[in-house]
Amino acid sequence: MNKTDLIDSIASEADISKAAAGRALDAAVEAIKGALKAGDSVSLIGFGTFYVGERAARTGRNPRTGKTLEIKAAKQPKFRPGKGLKDACN
């Protein structure tokens, strides 16, 4: 399912126009991005939790030359599925 299919599904389930469903989806994605950027987590009961994880600095290797290089620490968005989502998949 891509974004267009998701918008179509939202529009039919909520009985709203595709344009309104697209704006709602974009607003939800922007709200999640904004919360993660601020360092907060977003919990949707029954679906899951979006949060920011820390990735430690590590040593990597250039596959072409074999030379080692230092990869710096980074923050990475992560998702932990909730019980309702896990149950729906099994």
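**A walk around the predicted model**

Visitor: Let's start at Asn2: is this residue buried, partly exposed or exposed?
Guide: Keep in mind that this is a predicted model. Asn2 sits in the segment before H1. Its relative accessible area is 45%, and the middle class runs from 20% to 50%. Asn2 is therefore partly exposed.

Visitor: How far is Asn2 from Asn62 in space, C-alpha to C-alpha?
Guide: In sequence, Asn2 and Asn62 are 60 residues apart. Going from C-alpha to C-alpha through space, the separation is 34 Å.

Visitor: Next come the two helices. How are H1 and H2 oriented to each other?
Guide: Two packed helices are described by the angle between their axes and the distance between the axes. Here H1 covers residues 3–14 and H2 covers residues 18–37, with the axes 8 Å apart and an angle of about 115 degrees. Angles of 65 to 115 degrees fall in one class, so H1 and H2 are roughly perpendicular.

Visitor: What is the handedness of the crossing where H1 passes H2?
Guide: The axes of these two helices lie 8 Å apart where they pack. As H1 passes H2, the crossing is right-handed.

Visitor: How many nonpolar residues are there in the contact of H1 with H2?
Guide: From H1 come Lys3, Leu6, Ile7, Asp8, Ile10 and Ala11, and they meet Lys18, Ala21, Gly22, Leu25 and Asp26 of H2. Sorted by type, this contact holds 4 charged residues and 1 polar one, and the number of nonpolar residues is 6.

Visitor: Which residue in the loop between H1 and H2 has a positive phi?
Guide: The residue is not a glycine, and its phi is near 55 degrees. With a relative accessible area of 71%, it is also exposed. The residue in that loop is Asp15.

Visitor: Is Ala35 buried or exposed?
Guide: Ala35 has its place in helix H2, and it touches Asp40 and Val42, leaving out residues up to four places away in sequence. Its C-alpha atom is 9.7 Å from that of Val52, 17 residues apart along the chain. The relative accessibility of Ala35 is 16%, and the cut-off is 20%, so Ala35 counts as buried.

Visitor: Over to the aromatic rings: which residues do ring pairs link into a cluster?
Guide: The count comes to 2 aromatic pairs. Phe47 and Phe79 make one of them, and Phe50 and Phe79 form a pair too. Ring pairs thus link into a cluster the residues Phe47, Phe50 and Phe79.

Visitor: How is the pair of Phe47 and Phe79 classed, stacked, tilted or edge-to-face?
Guide: A pair of aromatic rings is described by the distance of the centres and the angle of the planes. For Phe47 and Phe79, the centres are 5.4 Å apart and the planes make 50 degrees. Planes under 30 degrees apart would be stacked and over 60 edge-to-face, so this pair is tilted.

Visitor: How many residues apart in sequence are the parts that Phe47 and Phe79 tie together?
Guide: Phe47 belongs to the loop between strand E1 (42–44) and strand E2 (48–55), and Phe79 to strand E5 (residues 74–81). The pair therefore ties together parts whose separation in residues is 32.

Visitor: And what is the distance between the ring centres of Phe50 and Phe79?
Guide: Phe50 is in strand E2 and Phe79 in strand E5, 29 residues apart. Their planes are at 50 degrees, so the pair is tilted, and the distance between the centres is 4.8 Å.

Visitor: Which residues does Phe47 contact beyond its neighbours within four places in sequence?
Guide: Phe47 is partly exposed, at 38% relative accessible area. Its C-alpha atom is 4.9 Å from that of Gly82, although the two are 35 residues apart along the chain. The contacts are Phe79, Pro81, Gly82 and Leu85.

Visitor: Last stop, Ala57: which residues does it touch beyond four places in sequence?
Guide: Ala57 lies in the loop between E2 and strand E3 (58–61), and at 48% relative accessibility it counts as partly exposed. From its C-alpha atom to that of Glu30, 27 residues apart along the chain, the separation is 28 Å. The residues Ala57 touches are Glu70, Ile71, Lys72 and Ala73.

Notes:
Residues are numbered from 1 along each chain as its sequence is written. This is a predicted model: local features need pLDDT of at least 70, side-chain atom pairs count only at pLDDT 80 or more; totals for chains, interfaces and linings use all residues. Side-chain values use heavy atoms; hydrogens and water are left out. Axes are lines fitted to C-alpha atoms, for helices over the stretch in contact, and angles run from 0 to 180 degrees between N-to-C directions. Helices (H or I, at least four residues) and strands (E, at least two) are DSSP runs, numbered from the N terminus. Angles under 35 degrees count as roughly parallel, over 145 as roughly antiparallel, 65 to 115 as roughly perpendicular and the rest as oblique. A crossing is left-handed if the near helix is turned anticlockwise from the far one by less than a right angle, and right-handed if clockwise. Contact means heavy atoms within 4.5 Å. Ala, Val, Leu, Ile, Met, Phe, Trp, Tyr, Cys and Pro count as nonpolar, Asp, Glu, Lys and Arg as charged, and the others, Gly among them, as polar. Rings of Phe, Tyr and Trp (its six-membered ring) pair if their centres lie within 6.5 Å; planes under 30 degrees apart count as stacked, over 60 as edge-to-face and the rest as tilted. Buried means under 20% relative accessible area, exposed over 50%, partly exposed in between (1.4 Å probe, protein chains only).
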